[in-house]
Amino acid sequence: MKQRTPVRRTAPAALALLVLAAATGCTGGVEGRPGAAGLRDPYFPRLGNGGYDVTHYDLVLDVDPAAQRLRGTATVTARATQDLSAFNLDLVGLTVASATVEGRPAAVNRAGQELTLRPDAGVRLRKGDTFRTVVRYSGAPRTLTDPDGSREGWLRTADGSVALGEPAGSMTWFPSNNHPSDKASYDIAVTVPEGLTAVSNGEPAAPVTAAGRTTYRWHVGEPMASYLATVAIGRFETKDTKKSRTAGGIEVFTAADRAVAADSAPVLARVPEVVAWEARRFGPYPFASAGAIIGHPGDAEYALETQNRPFFAGPPSAGLLVHEMAHQWFGDSVTPESWRDMWLNEGFATYAEWLWAADKDGVPVRSSFDAAYRNDANWAFPPADPPTAADISEPPVYGRGAMVVDEIRRAMGDDTRFFALVRGWTKAHRHGNASTADFTAYVERTVGRDLSELWSTWLYGRSRPAQKG
Ligand code: TRP
Ligand code: ZN
């Protein structure tokens, strides 16, 4: 993110209240401490907030695509991880009309991307308590520019919009604990003018139309990181296969913008095949539904692994579909603990492309590895330690990340055991979070020996090692 945020004003406010409390002999609403305004992510230190864990987001949105404005009510259910006198949510732009905590009006303060809520004096948030926050807001959601120059957040399209949130953009359309380490279930309801469709994550309910507006409801039962939440609004052709036998009985919901619907049909027809192919290699598909959303070319500069149904700006190649679908296991189900662990997403998703090319196109994994090895761009920095926030989606994270996976396979020298290790990894952290240290420890435990040389060379080494024959 580019905008500079002043340090939050919670501490002085709390101090002022304490002084007041001392003067009056009353402790008011200041029992406990304010939750931290950031989670100290190595690349995005202000993202996320401390002091609580969200369990569920209920988002009710009313969108006017012509004006690119929305009105929203976010109900955030969370568990306090400390006694809280105040806490933050991440929200950028938009106007907050009101907020309640546990049904009582809360004091609202905005500073940059930090929305600070101070519960009413009668509300006590003690460690372990589950509490409910309701935020009513409206405005024109923003588009953010990432440190690497790419655009995310709320993106306007030819006939509507799409919300893409990696790494930070979800806070442009709903208030959240905007860090991958705090996953939650979601209900997302979006009302749009009749004739437009709103596609999101999870499973759909039947749309309801009244007075020229249609409400689309989506339910995400499995934990989801905020960066994977999406809403795409436009003129879509949709297809809902309640139970696809080829995708192992999961619901497959696809949406393609009308302008590209015909060109998208062949690749969308392969979604169940790709899910089944990946499930054999990576373990059971982690969610109740799958699919894809295909917008216009130019809607975004990249595809994104939005949970259940990745977003593509125009019809993807089979290889790109394989990549984004692999993220459902690597990224969406097993989610990075911090943005430093990105290579666990992109390395495995790239490796999935190599496996697909070997299986379907007769390109040996060895050839993909060699091409990545020869590519100087993959050696700019170690995949597990990108130098800056602008580098987290650079080639080493993808290409060298995939090389790390193949090096593990070679060190094991046994494909049956290697794929069992991969499935064991997705099983161990299913619907959770994992760090690079979790991964290397897991691999060493499973393989039964020290692999520090492999890590120091491929994961953390700065220079290209000599290739063994
Ligand atoms: N995760 C996307 C992919 O490779 C790419 C991407 C889009 C990305 N936006 C990002 C990566 C922001 C890092 C940060 O499928
Ligand atoms: Zn990817």
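**View 1. Helices H5 (342-361), H7 (395-412), H8 (415-428) and H10 (452-459) are among what covers the buried residues of helix H9.** The model is predicted: local features need pLDDT of at least 70, side-chain atom pairs count only at pLDDT 80 or more, and totals for chains, interfaces and linings use all residues. Side-chain values use heavy atoms, without hydrogens or water, and residues are numbered from 1 along each chain as its sequence is written. Contact means heavy atoms within 4.5 Å. Helices (H or I, at least four residues) and strands (E, at least two) are DSSP runs, numbered from the N terminus.

**View 2. Helix H9 spans residues 436-447.** Its 12 residues reach 16 Å from first C-alpha to last, close to the 16 Å expected at 1.5 Å a residue. That expected span is 1.5 Å times one less than the number of residues. Buried (under 20% relative accessible area, 1.4 Å probe, protein chains only; exposed is over 50%, partly exposed in between) applies to Thr 436, Phe 439, Thr 440, Tyr 442, Val 443 and Val 447. They lie on the same side of H9 because they cover an arc of only 160 degrees around the axis. The arc is taken from the directions from helix axis to C-beta atoms. Ala 437 and Arg 445, on the other side of H9, are exposed.

**View 3. Gly 448 sits just after H9.** Its phi is positive, about 85 degrees.

**View 4. Four strands form an open sheet in the order E1-E4-E8-E7.** Pairing is mixed; two strands pair if DSSP finds at least two bridges between them. Strands E1 (33-34) and E7 (107-111) are the edges, each pairing on one side only. E7 and E8 (residues 114-118) run antiparallel, joined by 5 bridges. Ala 107 stands opposite Arg 118 in E8.

How values were computed:
Chains are lettered from A and ligands numbered from 1 in the order in which they are written.
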